[in-house]
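Welcome! Take a moment to turn the structure around on your screen before reading on. We will then walk through it together, one region at a time.

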Amino acid sequence: MTNDLQPTLNVQAAIEQRRAARSFRADAIPEAILTEIFRLGVRSPSGYNLQPWRFVVVRESANREKLKACAFNQRQVGEAPVVLICCGDRRINQKEYIESVIQLGQATGAANDAYADMMRSAIPQLFENKPSFDSLEAWTNRHTMLAVAHLMIVAKSFGVDTCPMEGFATAQVKEAFNIPADVDVCCLLAMGYAAEPFKQYGGRFDIDQVFYQETFGES
Ligand SMILES: Cc1cc2nc3c(=O)[nH]c(=O)nc-3n(C[C@H](O)[C@H](O)[C@H](O)COP(=O)(O)O)c2cc1C
């Protein structure tokens with residue numbers, strides 16, 4: 001599904017102008033724009049295309065207040081017209097789920113029978129051996145936060161501000177929003193139109209402080 005909506009900012013401008021908004025106007029995000037942000041946000045990549053991210057879209061003011069109480073009363077949660085509870089679902093290692101990803105690949109023509117069989121053996125092995133992660137939660141968090149990054153940049157390109165938040169109590173959020181035990185809350189993402197006080201750019205380290213040549217630590 002695509003639609004005709006065009007972003008108002010290109011990628012470079014969206015990245016440079018995105019700020020973590022600390023306050024939001026009450027204005028709603030037009031439904032078509034929100035849907036387009038969601039659609040593009042989940043074009044984010046994931047290992048074996050497993051797409052472990054899940055989002056609870058919280059819009060009703062009573063629910064935002066409930067969420068705010070789980071988020072150390074951060075004002076953005078009460079003010080933003082939309083707050084996403086961004087979750088990583090650890091059930092992606094279940095057989096039926098892997099089959100659903102295979103079917104998706106088959107439907108698009110991306111997965112032939114050989115590739116489907118490779119996925120049936122390689123994915124369980126990945127989660128058994130965990131060569132590049134310590135826990136399934138780390139793996140789902142890795143991917144969910146990539147999707148959150150996509151969402152933030154896409155949102156800004158459509159003029160929508162965001163605030164990612166780790167200031168929340170996981171157990172409280174899970175209980176209040178019926179989040180299953182094997183689903184983790186990775187962050188909250190407030191979305192809407194920023195209001196004063198606007199947050200100033202806090203700067204970033206120079207690229208030669210964080211990019212190394214060939215070996216870690218070599219600038
Ligand atoms: C994972 C994550 C968690 C964050 N948690 C919070 C939070 O709980 N509350 C908040 O106001 N800002 C939070 N922030 C926003 C950061 O403070 C902000 O991104 C950082 O200061 C850089 O500012 P900028 O995003 O405007 O460039 C979080 C950012 C990230 C990426």
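Let us start at the ligand, where strand β3 (residues 161-165) gives the most to the surrounding shell, with three residues. Keep in mind as you look that this is a predicted model.

**The ligand and its surroundings**

What kinds of residues make up the shell around the ligand? Five of them are nonpolar, three are polar and six are charged. Of the 14 residues around the ligand, the ones that come nearest are Ala20, Arg22, Gln74, Lys199 and Arg204. Three of the residues just named place a polar side-chain atom close to a ligand oxygen atom, as the table shows.

| Side chain | Distance from its N or O atom to a ligand oxygen atom |
|---|---|
| Arg22 | 2.6 Å |
| Lys199 | 2.8 Å |
| Arg204 | 2.9 Å |

How much of the ligand's accessible area does the protein cover? On its own the ligand has 620 Å² of accessible area, and the protein covers 70% of this.

**A buried lysine**

Now move to helix α7 (residues 136-157), where you will find Lys156. Is Lys156 buried or exposed? Its relative accessible area is 11%, which is under the 20% limit, so Lys156 counts as buried. The side chain of Lys156 makes a polar contact of 2.7 Å with the side chain of Asp161. Leaving out residues up to four places away in sequence, Lys156 touches Leu9, Ala14, Gln17 and Arg18 as well as Asp161.

**Two nonpolar cores**

Next, look for the nonpolar residues packed inside the protein. The largest nonpolar core has 23 residues, and those with the most contacts inside it are Leu67, Ile85, Val173, Ile179 and Leu188. Helix α3 (61-70) and the strands β2 (82-89), β3 and β4 (183-192) each supply at least two residues of this core. Which element gives the most to this core? The answer is β4, with four residues.

Ile85 is a good residue to click on here. Not counting neighbours within four places in sequence, Ile85 is in contact with Arg54, Phe55, Val56, Val58, Leu67, Val173, Phe177, Ile179, Val185, Cys187 and Leu188. Apart from the largest core lies another one, of 18 residues, and among them are Cys86, Phe158, Met191 and Tyr193.

**A serine with distant partners in sequence**

Ser23 sits in the loop between α1 (11-17) and α2 (31-41). With a relative accessible area of 2%, well within the limit of under 20%, Ser23 is therefore classed as buried. Ser23 and Glu196 are 173 residues apart in sequence, yet their C-alpha atoms are 6.3 Å apart in space. The side chain of Ser23 also reaches the backbone oxygen of Glu196 at 3.5 Å. A further polar contact, of 2.8 Å, joins the side chains of Ser23 and Glu79. Beyond four places in sequence, the residues that Ser23 touches include Arg75, Gln76, Tyr193, Ala194, Ala195 and Pro197.

**Backbone features to spot**

Here is a helpful rule for this part: most residues other than glycine have a negative phi, and most peptide bonds are trans. Where does this model depart from that pattern? The peptide bond from Glu196 to Pro197 is cis, with omega near 0 degrees. Pro197 belongs to the loop between β4 and α9 (207-210).

Asn178 is not a glycine, but its phi is positive, at about 55 degrees. You can find Asn178 in the loop between α8 (170-176) and β4. Because its relative accessible area is 69%, over the 50% limit, Asn178 counts as exposed. Glu214, also a residue other than glycine, has a positive phi near 65 degrees. This residue lies in the segment after α9, and Glu214 is exposed, with a relative accessible area of 81%.

**One last stop**

Finish at Gly109, in the loop between α5 (95-108) and α6 (113-129). Gly109 is exposed, with a relative accessible area of 62%. How far apart are the C-alpha atoms of Gly109 and Lys68? They are separated by 44 Å, while the two residues are 41 residues apart along the chain.

Definitions and conventions: Residues are numbered from 1 along each chain as its sequence is written. This is a predicted model: local features need pLDDT of at least 70, side-chain atom pairs count only at pLDDT 80 or more; totals for chains, interfaces and linings use all residues. Side-chain values use heavy atoms; hydrogens and water are left out. Buried means under 20% relative accessible area, exposed over 50%, partly exposed in between (1.4 Å probe, protein chains only). A polar contact is a pair of N or O atoms within 3.5 Å; within protein, one must be able to donate a hydrogen and the other to accept it, and residues adjacent in sequence count only if both atoms are side-chain atoms. Contact means heavy atoms within 4.5 Å. A residue is near a molecule or strand if one of its heavy atoms lies within 4 Å of it. Accessible areas come from the Shrake-Rupley method with a 1.4 Å probe; for residues, only the protein chains shown count as cover. Ala, Val, Leu, Ile, Met, Phe, Trp, Tyr, Cys and Pro count as nonpolar, Asp, Glu, Lys and Arg as charged, and the others, Gly among them, as polar. A nonpolar core is a set of buried Ala, Val, Leu, Ile, Met, Phe, Trp, Tyr and Cys residues joined through side-chain atoms within 4.5 Å.
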